Amino acid sequence: MRIKVFTAQDIDRALSMAEAIEVVKDAFIQLSLKKAQSPVRTSLTLKEPGEAALIMSAYLGETRALGAKMVTVLPWNPRANLPAVQGIVFLFDAATGSPMAILEGTHLTRFRTGAASGAATQILSRPDSRSLAVFGAGGQAFFQAKGVLAARRIERIRVFDLLPERADELIETLRADASCRKIELVRAGTPAEALEGAEIVVTATTSSRPVFDGKLLKEGMHINAIGSFKPEMQEVDEETIRRVRIFVDSLEACLEEAGDLIIPLKKALIQKADILAELGEVATGKKGGRGSVREITYFKSVGNAVQDVSVAQAVYLRGGEKNLGQEVDL
């Protein structure tokens, strides 16, 4: 059996962030139109609280993308200079059932999640948005910024992290990236300082507690909340959820996993009807998105295998055109 292996560098060379946004947007559309199958992922609790292994699979009927991912989440790993999230993605040929590719999953997860936030920003944020606030400076943060930058003409990015040195490292990484030329990059000393003047907000942390006070949010903002992925995790507070128009990647998955929504629902602070639409439904025009410049829009993503598998397929196809990846015998 011959199979292709794609490294993180291969993924970067195969696909731009702008291209990935379109791939992920199409995957969300297939999901919302019931043309994709993606069961709620299996979550395995590991030894310590907060540690988990996640197993997720998907089949997209229109594009015939078939595959799965296993990812581990160990929040303490950065202390040992290891990524908090690590994984492998497997791609199969839907026509023959044959394995086609193995892709480095840590980088792909960050990349596709950044693309999802880019798609949500493109669809829900005000087109004139110029300022971004990023909460959390871990491995995901760079790709979150890249996703937003591919969707809007950002002029200023403020970064807040509980560890100031991590925020400084992210700023230096962004400063070295070509997409950040002429962008003002600032480390915020407090959550309030990060939100000052922000029009787009990204929360990309492993926090179980809200990372900012919802009373500080201004009219017209858009929020991409991608950090919390368990029912007990609450990255944004209930004041935020009361004030925003809520959109999700997958309604089924968010009702199972998104503590940001599950906790307010259990307290009857919001109702299920307050979750207005999946992003794919808005992208197709089936449901409305932002209704006015004054509304605060909120996109909650717990991550879905359609993102991983669709991006993996795009890397495989475009990587083949560019002679990327290494063939190996199993």
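Helices α2 and α4 are roughly perpendicular to each other, a label given to angles of 65 to 115 degrees, whereas angles under 35 degrees count as roughly parallel, those over 145 as roughly antiparallel and the rest as oblique. The axes of α2 and α4 (residues 141–151) cross at roughly 85° and come within 9 Å. Axes here are lines fitted to C-alpha atoms, for helices over the stretch in contact, and angles run from 0 to 180 degrees between N-to-C directions. On the α2 side the contact is made by Met-17, Ala-18 and Ile-21, and on the α4 side by Phe-143, Lys-146, Gly-147 and Ala-150; contact means heavy atoms within 4.5 Å. By class, the contact of α2 with α4 has five nonpolar residues, one polar and one charged. In this scheme Ala, Val, Leu, Ile, Met, Phe, Trp, Tyr, Cys and Pro count as nonpolar, Asp, Glu, Lys and Arg as charged, and the others, Gly among them, as polar.

The model is predicted: local features need pLDDT of at least 70 and side-chain atom pairs count only at pLDDT 80 or more, while totals for chains, interfaces and linings use all residues. Residues are numbered from 1 along each chain as its sequence is written, and side-chain values use heavy atoms, with hydrogens and water left out. Helices (H or I, at least four residues) and strands (E, at least two) are DSSP runs numbered from the N terminus.

Helix α2 also takes part in salt bridges. A salt bridge is counted when a side-chain nitrogen of Lys or Arg is within 4 Å of a carboxyl oxygen of Asp or Glu. By this rule there are 19 salt bridges. One of them joins Arg-318 and Glu-19, with the closest N and O atoms 3.7 Å apart. Arg-318 belongs to helix α11 (residues 305–321) and Glu-19 to α2 (residues 17–32), so this pair ties together parts that are 299 residues apart in sequence. Arg-318 is partly exposed at 29% relative accessibility, and Glu-19 is partly exposed at 33%. The terms follow relative accessible area: buried is under 20%, exposed is over 50%, and partly exposed is in between (1.4 Å probe, protein chains only).

Within α2, Lys-25 and Glu-22 form a salt bridge at 3.3 Å, N to O. These two residues are three apart in the helix, about one turn. Lys-25 is buried, with a relative accessible area of 16%, whereas Glu-22 is partly exposed at 42%. Helix α5 (residues 164–175) holds a pair with the same spacing of three residues, Glu-172 and Arg-175, separated by about one helical turn. Their side chains meet at 2.6 Å, N to O. Glu-172 is partly exposed at 46% relative accessibility, and Arg-175 is partly exposed at 44%. Elsewhere, Arg-2, Glu-327 and Asp-329 are linked in a network of salt bridges.

The strands come next. Two strands pair if DSSP finds at least two bridges between them. Strand β5 (residues 65–73) pairs with strand β6 (residues 85–93) in the antiparallel sense over nine bridges, and the bridge partner of Gly-67 in β6 is Leu-91. Strand β6 is also joined to strand β7 (residues 99–104), antiparallel, by five bridges; here Phe-90 stands opposite Ile-102 of β7. β6 and β7 form a hairpin with five residues between them, and Gly-97 in the turn has a positive phi of about 80°.

An open sheet of eight strands shows parallel pairing, in the order β10-β9-β8-β11-β12-β15-β13-β14. Its edge strands, β10 (184–187) and β14 (275–278), each pair on one side only. From one strand to the next, the twist averages 20°. Inside this order, β11 (residues 200–203) and β12 (residues 222–225) pair in the parallel sense over four bridges, with Ile-200 opposite His-222 of β12. Helix α9 (residues 259–266) lies across β12, β13 (245–248), β14 and β15 (297–300), and runs at about 110° to β15.

One residue of helix α3 (residues 105–124) is Ser-117. Ser-117 is buried, at 0% relative accessibility. Not counting residues up to four places away in sequence, Ser-117 touches Gln-144, Asn-224 and Ile-226.
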